[in-house]
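Good morning, everyone, and thank you for making the time. Please have a look at the chain on the screen, and I will then walk through a few parts of it.

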Amino acid sequence: MQSACRPPLVGIHVSLCLPRSRAPGAFSPPPDSLKPRPAAAEAAPAWSGDLRRGLQPPLPPSSSPSAAPPERGPAQSAANCPQALPLPDSGAEMDVVLQAGDADDWVYKGEGAANLILSYTGSSPSMLGKVLRAKKILNDKAQPAPTCEVFSSSEQLVWGEIPGLVESLKQDCLPQAYAQVMSQHLGANHVDGGVRARVSTEFLEIVGKNVLSSRPAWRVSASAIDTSADSALLISDHSLFSGKPRRSSCIAVEIKAKCGFLPSSEYISQENSIKKQVTRYKMHQQLKFHQGQISKISDYDPLDLFSGSKERIRTAIKSFFSTPQNNFRIFVDGSLGFGGMGGGADTVHPDEIEKCLEDLTKVSGLQPSDFIELLSEAIFKSGVLDKLLATQKLDDHDIEGAIHLYYDIISQPCLVCKNITDAELLHKYSVLHSLSLDKSCKIVRDFLIAATTKDCSLMMCFRPRECETTDSEYDSVFLESVNRTYDYKAYFVDLDVKPLDKMPHYFKLDQKIVNFYTKNGEVRRVPCDSSKGGSTGGDDSKAQLEH
């Protein structure tokens, strides 16, 4: 690769179906169809014949019981970073096609901008605990695609420095290849590349109709399952532990952390300097509230979660309970127990929060304060957010700098410079336009990798350790308040390649968010520890909106 390897940003996300009969945020017991089932006594047959006779997909290295525990610690140094990306094994593919008769075995579990998440409820032991990520298409063809399907010639320039990534498109295994790219930044033990499963048109058509009533209305209006696709991605359900279910329940948390730092790029214009003081998340909340996308502004501050301070991490977790939006969900044995369907419009009534916490206590045996302590301790100890933050900071030019290089890469006149009259600013941008093509591609590539991690989710799954042993394949955290050790695992999900042609959209949205906040928000400065998740420019304060 052209540049030293630096840890990329990624998030973990697994969305589950919220029963439409209950209010957002309420706790509900897992439906029978989603509860873990006993593992088969014998291994399922190899991948041949009908799906119901059982398939034996290869496990990711991190989920194999015999695999050595992965190393933990800081992100890889440039010296240890692999310089070549091997193409994903073409054998990591099912030998059968999911047909119309298999469609009823897959139920709605959730969705993001690019994929529909389906959970398996059939009888094949080897498929239990799996989810299928089926591609979606936007109903409004004028909108930019949420993820890459085909690389343009310009995208081949951007990604060509990563061996195997461009070639992976020919084998229809881009998600798996890109997962390997992200694993070099986030750690192989925190990224699941999955297995490609071939699907028939009839399977997708039936699944699309079956899940229609379970999907949020705004999602149905925006997108549909892509029935022209010939494959989907089969991955482990990271809201569960693999293997035989145990007596104690498995509790999992999904956190969509968003961007965890304040930018300090010299290419941010003076009129947009508020970006160096207020997080993108806080500013975007104001715009969403104005547009009616949310009914309450979130108390969550990403700088708290990424701060490296246990106390501030606890503060961030507590804020999720009052305004989870699509940033926070709790799962019990693989089924959604707390949180909304996503999209930001979900709010939680105080009575519902109290009821959820009561039910969570009954299931887990943990008081709310114990649960918050368990989660914050695991986040702190694992260091996964350090890797995520380091990857996010690959975006060191900000969209206000990267957008100029985008126009150079696509060999088009810069539409941003066209509207600038400030001579000093034009001079700064002219320096960017004079960069070599290789340098421009690297900056934009880093920006797109960072964009993936700013939009991903982190899934952390917990269960009590049944016997005190150091031989577990999972990491653990000791909770002093209950004198018990808990196994946990952490995975990032929704690590999709961001399309190059979405760069103008990123720029326009950024300007819209900043302009609205500048005109409508009053800002006051308060002390803040910026040594980790705060400003990268040495400013030891942060800004908060004053209502």
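Let me begin with helix H6, residues 280–291, where a simple length check can be made: at 1.5 Å a residue its 12 residues should span 16 Å, and since the C-alpha atoms at its two ends lie 17 Å apart, the expectation and the model agree. I should say at once that this is a predicted model, so please hear every value today as computed from the predicted coordinates. Within H6, the buried residues are Tyr281, Met283, Gln285, Gln286, Leu287 and Lys288, and directly after the helix comes Gly292, which takes a positive phi of about 80°.

Now for the chain as a whole. It has 547 residues, of which 56% count as buried, and its secondary structure comes to 15 helices and 15 strands. If we take the contacts with a separation of 6 or more, 76% of them are accounted for by residues 24 or more positions apart. One pair that is distant in sequence is Ser153 and Ile409, which are separated by 256 residues along the chain, while their C-alpha atoms are 9.8 Å apart in space. Ser153 itself belongs to helix H1, residues 153–159, and because its relative accessible area is 58%, above the 50% cut-off, it counts as exposed.

How many residues does the largest nonpolar core have? That core has 87 residues, and those with the most contacts inside it are Trp159, Leu305, Phe321 and Met503. The element that gives the most to this core is helix H14, residues 437–454, with 8 residues. Apart from it lies another core, of 20 residues, and among its members are Leu98, Tyr108, Val207 and Leu234.

I would like to turn next to a sheet. It is an open sheet of 6 strands, paired in the antiparallel sense, in the order S10-S9-S8-S11-S13-S12. Its edges are formed by strand S10, residues 335–338, and strand S12, residues 475–479, each of which pairs on one side only. On average, and with direction ignored, neighbouring strands of this sheet are turned by 30° against each other.

Let us stay with strand S9, residues 328–332, which pairs with strand S8, residues 251–255, over 5 bridges in the antiparallel sense. Along that pairing, Ala252 stands opposite Phe331, and Val253 has Ile330 as its bridge partner. Towards S10, S9 is joined by 3 bridges, again antiparallel, with Val332 partnered by Ser335. S9 and S10 form a hairpin with 2 residues between them, and in that turn Asp333 has a positive phi of about 50°.

Which residues of S9 lie on each of its two faces? As a general point, side chains in a regular strand alternate between the two faces of the sheet. In S9, Phe328, Ile330 and Val332 are on one side, Arg329 and Phe331 are on the other, and all of these are buried, so that 5 of the 5 residues of the strand are covered. Helix H8, residues 310–322, lies across S8, S9 and S10, and runs at about 85° to S9.

The loop between H8 and S9 contains Gln325, which has a positive phi of about 45° although it is not a glycine. Is Gln325 buried or exposed? Its relative accessibility is 2%, and because that is under the 20% cut-off, Gln325 counts as buried. Asp398, in helix H12, residues 398–409, likewise has a positive phi, of about 65°, without being a glycine, and with a relative accessible area of 8% it is buried. For context, most residues other than glycine have a negative phi.

My final stop is the loop between helix H3, residues 174–186, and strand S5, residues 195–199, where Asn189 is found. Asn189 counts as buried because its relative accessibility is 11%, and its side chain makes a polar contact of 3.4 Å with the side chain of His190. S5, at the end of this loop, has 4 of its 5 residues buried, and it pairs with strand S7, residues 231–236, over 4 bridges in the antiparallel sense; in that pairing, Ala197 stands opposite Ala232.

That is where I will stop, and I am glad to take questions.

Note on methods: Residues are numbered from 1 along each chain as its sequence is written. This is a predicted model: local features need pLDDT of at least 70, side-chain atom pairs count only at pLDDT 80 or more; totals for chains, interfaces and linings use all residues. Side-chain values use heavy atoms; hydrogens and water are left out. Two strands pair if DSSP finds at least two bridges between them. Axes are lines fitted to C-alpha atoms, for helices over the stretch in contact, and angles run from 0 to 180 degrees between N-to-C directions. Contact means heavy atoms within 4.5 Å. Buried means under 20% relative accessible area, exposed over 50%, partly exposed in between (1.4 Å probe, protein chains only). A polar contact is a pair of N or O atoms within 3.5 Å; within protein, one must be able to donate a hydrogen and the other to accept it, and residues adjacent in sequence count only if both atoms are side-chain atoms. A nonpolar core is a set of buried Ala, Val, Leu, Ile, Met, Phe, Trp, Tyr and Cys residues joined through side-chain atoms within 4.5 Å. The expected span of a helix is 1.5 Å times one less than its number of residues.
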